[in-house]
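Here are my notes for you to read with the model open. Take the points one at a time and find each residue as you go.

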Amino acid sequence: TNGSGVASVTATANKVAGGYSVTASVPGVTNTVAFALTNVSGSAANVTATGGTPQSATVGSPFSAPLQATVTDQYGNPVPNASVTFTAPASGPSATLTSTPATTNSSGIASVSATANTVAGSYSVTASVSGAPSSATFALTNNAGSATTVTATGGTPQSATVGSPFGASLQATVTDQYGNAVPNASVAFAALPSGPSANLTGTPAMTNSSGIASVSATANTVAGSYSVTASVSGAPSSASFALTNSPASAANVTATGGTPQSTTVGSPFGAPLQVTVTDQYGNPISNATDRKSVV
C-alpha cells in the first residue's frame, strides 16, 4: 500500500472466456475483498458444423435435425451474438433454409431449419461469419420420393425370330412425382401367358442408382406381335414394350386346297391348288416362293 493505504496490480485476462473473482487479502485481517472480472470472447475465428450433418430427407420434406454451427474465437471460446449466414446451392439438389442469417446464443451456437427441394442428390450447405477465414460445411442428401412413373426407355419396339433372344434388353426407368430417378425399386416385367409372347429372365428386377431396371427376353415359338409390361407396386401406371416374334425359315409345305379334284380334259380345274408354308413351329411364312411342277 502507498501512503494512502492503497495497493494496486495490473490484470491481463487469460485465454479462457467467462466470469470469475480476484481476491485481495492482508495478513492478520479476517475479511477479504473480491473483484468481479469477466473475460469476453474475442472476434469470430472459426465456424464449425456441430449438428445436422450428414443427414438426408425425401425431396420436398424437411430435414429432421436443424443445421447447427458453433462459432469460436482464436482460443476456442464460444462467440455469442455473432451473425451466421447459411447458404444452400442456387440450383440442382438444394434446400430451403429458414431464419438465415442466424445469431449465435451464449454458447456460440446458431441454427437454421432446412427443407429439401424437389431435386434428388447430394450437396453442401455452408455457414460463414464475416471476418472468419473459413466456413462450416453441412453434407445433405435429398432422396427420391416414391415411385410414380414407369417408362419404357430401351428395347422397344424390336423383333426376334421365334425361339431366339431379342437383341436388346427391356429397360424400364422409374421416377418419382418430380422426375427424380428412384433407386432400389422392384420392377415386375410380365409377358402374355399364351399366344405370341416371350420368356423373361431376371424379373422382378431392381432399379440401379439411375432408376433403371432391365431384363432379357427370348421369343417363344409363336409368331406375332404383343406387349410386355413393366410395373412397380404403388405406381399408378405401367410401361409397355412392343415386341414381335418373326417366323423362322420355311420348314414345311402342306397342300391345303385344290386336292383332290377332277376336271374334263382341256378344262380348268375349279379350285386353285393351294399350299401353306410354315416354319418348324407351324408358324405361317409370308413372301415364300413356291415351285410348281407337273408329273
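Between which two strands is the loop where Pro204 is found? Point 1 has the answer, and please remember throughout that this is a predicted model.

1. **Two cis peptide bonds.** Pro204 is found in the loop between β17 (198-201) and β18 (205-206). Have a look at the link just before Pro204: Thr203 and Pro204 are joined by a cis peptide bond, with omega at about 0°. There's another such case further along the chain, where a cis peptide bond joins Thr259 to Pro260 and omega is about -10°. Pro260 also has its place in a loop, this one between β22 (252-257) and β23 (274-278). Why bother pointing these out? Because most peptide bonds are trans.

2. **Positive phi values.** Next, check the backbone at Asn81, where phi is near 60°, a positive value in a residue other than glycine. Asn81 has its place in the loop between β5 (67-72) and β6 (83-87). Ser99 gives you another example, again with a positive phi near 60° and again not a glycine. You'll find Ser99 in the loop between β7 (95-97) and β8. These are worth a note because most residues other than glycine have a negative phi.

3. **How covered are those two?** Asn81 has a relative accessible area of 66%, so it counts as exposed. Ser99, at 57%, is exposed as well. The cut-off you need here is over 50% for exposed.

4. **Thr104, a buried loop residue.** Is Thr104 buried or exposed? It counts as buried, because its relative accessibility is 3% and the cut-off for buried is under 20%. Thr104 lies in the loop between β8 (102-103) and β9 (109-112). Now turn to its side chain, which reaches the backbone oxygen of Val79 at 2.7 Å. A polar atom of that side chain also lies 2.9 Å from the backbone nitrogen of Asn81, the residue with the positive phi from point 2. Leaving out residues up to four places away in sequence, Thr104 touches several others, including Val71, Pro80, Ala82, Val84 and Ile109.

5. **A five-stranded open sheet.** Try tracing the strands in the order β4-β12-β11-β6-β8; together they make an open sheet with mixed pairing. β4 (55-58) and β8 are the edge strands, each with a single partner, so one side of each has no neighbour in the sheet. β4 runs parallel to β12 (residues 136-143), and four bridges join them. To find one of the paired positions, start at Thr58: its bridge partner in β12 is Asn143. If pairing is new to you, strands of a sheet pair through backbone hydrogen bonds, either parallel or antiparallel.

6. **β15 and its partners.** How many of the six residues of strand β15 are buried? Five are, so β15 (residues 170-175) is mostly covered. It pairs in the antiparallel sense with β13 (residues 149-154) over five bridges. β15 also pairs in the antiparallel sense with β19 (residues 212-219), this time over four bridges. Ala172 is a good place to see both pairings: it is the bridge partner of Ala152, and its own bridge partner in β19 is Ala213.

7. **Thr148.** This residue has its place in the loop between β12 and β13. With a relative accessible area of 25%, Thr148 is partly exposed. A polar atom of its side chain lies 3.1 Å from the backbone nitrogen of Gln177. Beyond residues up to four places away in sequence, Thr148 touches Thr175, Asp176, Gln177, Ala235, Pro236 and Ser237. For a sense of scale, go from Thr148 to Thr30: they are 118 residues apart in sequence, and their C-alpha atoms are 83 Å apart in space.

8. **A nonpolar patch on the surface.** Finally, colour Tyr20, Val22, Val33 and Phe35, which form a nonpolar patch with about 330 Å² of accessible area together. The elements giving two or more residues to this patch are β1 (18-24) and β2 (33-39). Phe35 lies in strand β2 and is partly exposed, with a relative accessible area of 45%.

Note on methods
Residues numbered from 1 in each chain as written. Predicted model: local features only at pLDDT ≥ 70, side-chain atom pairs only at ≥ 80, totals over all residues. Heavy atoms only, no water. Patch = residues over 30% accessible without salt bridge, like charges linked within 9 Å, V, L, I, M, F, W, Y side chains within 5 Å. Areas by Shrake-Rupley, 256 points an atom, 1.4 Å probe, with all protein chains shown as cover. Salt bridge = Lys/Arg side-chain N within 4 Å of Asp/Glu carboxyl O. Buried < 20%, exposed > 50% of the residue type's maximum accessible area, 1.4 Å probe, protein only. Polar contact = N/O pair within 3.5 Å; in protein donor to acceptor, adjacent residues only side chain to side chain. Contact = heavy atoms within 4.5 Å. Pairing = 2+ DSSP bridges.
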